[in-house]
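Biologist: I am new to this structure. Please pick one buried side chain, look closely at its surroundings, and then place it within the chain as a whole.

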Amino acid sequence: MMKWKGKKKHSNLHSHMHSKATATATPSTRNSFSGSLGFVLAAAGSAVGLGNIWRFPYLAARNGGGVFLLVYVLLAVTFGFTLLITEVAIGRRSQQGPLTAYKFFNKKWAFIGFFSFIIPSIIYPYYCVIGGWVLKYFTQYMLLEGEAAVSDSFFGGFISQLWMPIGYTFFFAAMCFFVVYSGVEKGIEKFSKIVMPLLLFLVVAICIYSLFIEHTDAHGVTRTGLEGAGVYLIPDFTGITVTKFLKITMDACSQLFYSLSIAMGIMVTYGSYMKKDVNLGQAVDRIEICDTTIALLAGLMVIPAVYVFMGTEGMGAGPGLIFVALPKIFYSLGEFGPFIGLAFFLLVLFAATTSAVSILEACVASVMDAFHWSRTKSLCVIQGGALISSILVCLGYNVLYFEYELPNGVQAQILDIFDYVSNNLLMPILAICTCIAFGWVIKPRLLIGEIRLNGYPFKRKTMYIIMLRYIVPILLTILLMGAFGLY
């Protein structure tokens, strides 16, 4: 009897919160995805961005390939899953954008919503700048002038120009503006349904090509793509100390923020557009599978090719891997190189656009819900402010160039400072606050009730509670300590 009463109380609480959400934003006044597939493709499109295509391969290469891969997958199904399903459930339960969603649950924790708005507002301008870089390379290969990109000075020469990077940034931002202006179902969902299958096709095609190439260097050493795949996929714990393993774990944690679009308000926004009859847990599982698969394939696409032509030394190329190292590889492929380069940068452009659109939508949804503005007015205000900030980022490589040492020891320009503040500081803080709020203050049962809505099962409930309350906050605190240069 006591157990039955507890369930009844929980059910009443759920009904009360659901009624509150409905009163705040009824289905007739709020945009939504057409169904589970629309939500999964849009959310996966957000997750599958530059973080997967650009950042994941160089982090995997820098951290020994297979060891990083193993740690990343284990964290994805625990750490990443916990934060991802929490944010989607927050969005669908509240039916609010990130700026006001947390206030719906507890007014004292409304400040988390402010972080959820500020983070994408900082990220979007410099994301458009990087998107402009990708657009420049795509244009270069489309005009059959990819050979020029082989020069070591090409990338630096381009970003240090005054007007050219700004022009490409504005063009990329205009594409994002058009998609978000078209709305949720007709804009974001429709765009994702077209782009995501194309993106997956391109990734698989380039992966297959990358695996079967081979090259003999000036010293007579022949390397194959399959050998490079072995370096990438097979864990090698030789020389892995406790300190090194901790750094690999922290790199994998930070990558999950990029890969899954968590701690930046995006999944709260997309969750608020999810219909109540959709199986939330199943949808999140599909996002996680899709995102992790694309990340692993991105590494399999890039690392074997880099290994074949540049050996293990080339795998340490870092953030410039796709802009500096890969054009050299495409050039080495002879007459097929320009076409592979064109396909690759088209793929990266797709990935950059889907992510940038989701970041912009998170900002727009916040303003619409907080101030009750129209989509057009909200979008114009956010886009206008972002373009001003993106100009400053572009000028950071010429007129406003300076170097500043961050607490973690990195020499930074304006873009690096934006990235450090948003990703290394604010995102871990936001995620820690979310874990404390929903793990201890508001309690996990509210979100678990949303996940189980319509009688859907939640098989990872026990793991979810343990991760939310203990493991994730501890890992994030360690990550935050690293951002301040404490280890």
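Modeller: The answer below begins with one glutamate, moves on to some loops, and ends with the whole chain.

This is a predicted model, in which local features need pLDDT of at least 70 and side-chain atom pairs count only at pLDDT 80 or more, while totals for chains, interfaces and linings use all residues. Residues are numbered from 1 along each chain as its sequence is written, and side-chain values use heavy atoms, with hydrogens and water left out.

The residue to look at is Glu 87, which sits in helix H4. Helices here are DSSP runs of H or I with at least four residues, strands are runs of E with at least two, and both are numbered from the N terminus. Glu 87 counts as buried because its relative accessibility is 3%. The term buried means under 20% relative accessible area, exposed means over 50%, and partly exposed lies in between, with a 1.4 Å probe and protein chains only.

The side chain of Glu 87 comes to 2.8 Å from the backbone nitrogen of Ala 263. This is a polar contact, that is, a pair of N or O atoms within 3.5 Å; within protein, one must be able to donate a hydrogen and the other to accept it, and residues adjacent in sequence count only if both atoms are side-chain atoms. With neighbours within four places in sequence set aside, the residues in contact with Glu 87 are Ser 261, Ile 262, Ala 263, Met 264, Met 267 and Val 268. Contact means heavy atoms within 4.5 Å.

Met 267 belongs to the stretch covered by helix H12 (residues 266-272), where Ile 266 also lies. Ile 266 has 0% relative accessibility and therefore counts as buried. The C-alpha atom of Ile 266 is 7.6 Å from that of Glu 361, although the two residues are 95 apart along the chain.

Helix H4 covers 66-94, and Gln 95 is in the loop between it and helix H5 (98-105). Gln 95 is not a glycine, yet its phi is positive, near 55 degrees. Since its relative accessibility is 11%, Gln 95 is buried. His 372, in the loop between helix H15 (337-371) and helix H16 (375-395), also has a positive phi, of about 60 degrees, without being a glycine. With a relative accessible area of 68%, His 372 is exposed.

A side chain to backbone contact also occurs at Asp 217, in the loop between strand S1 (214-216) and strand S2 (222-224). A polar atom of its side chain lies 2.9 Å from the backbone nitrogen of Val 221. Asp 217 counts as buried because its relative accessibility is 19%.

Now the whole chain. The protein chain has 19 helices and four strands, and 58% of its 487 residues count as buried. Of the contacts between residues at least 6 apart in sequence, 80% join residues at least 24 apart. The C-alpha trace spans about 80 × 50 × 40 Å along its principal axes.
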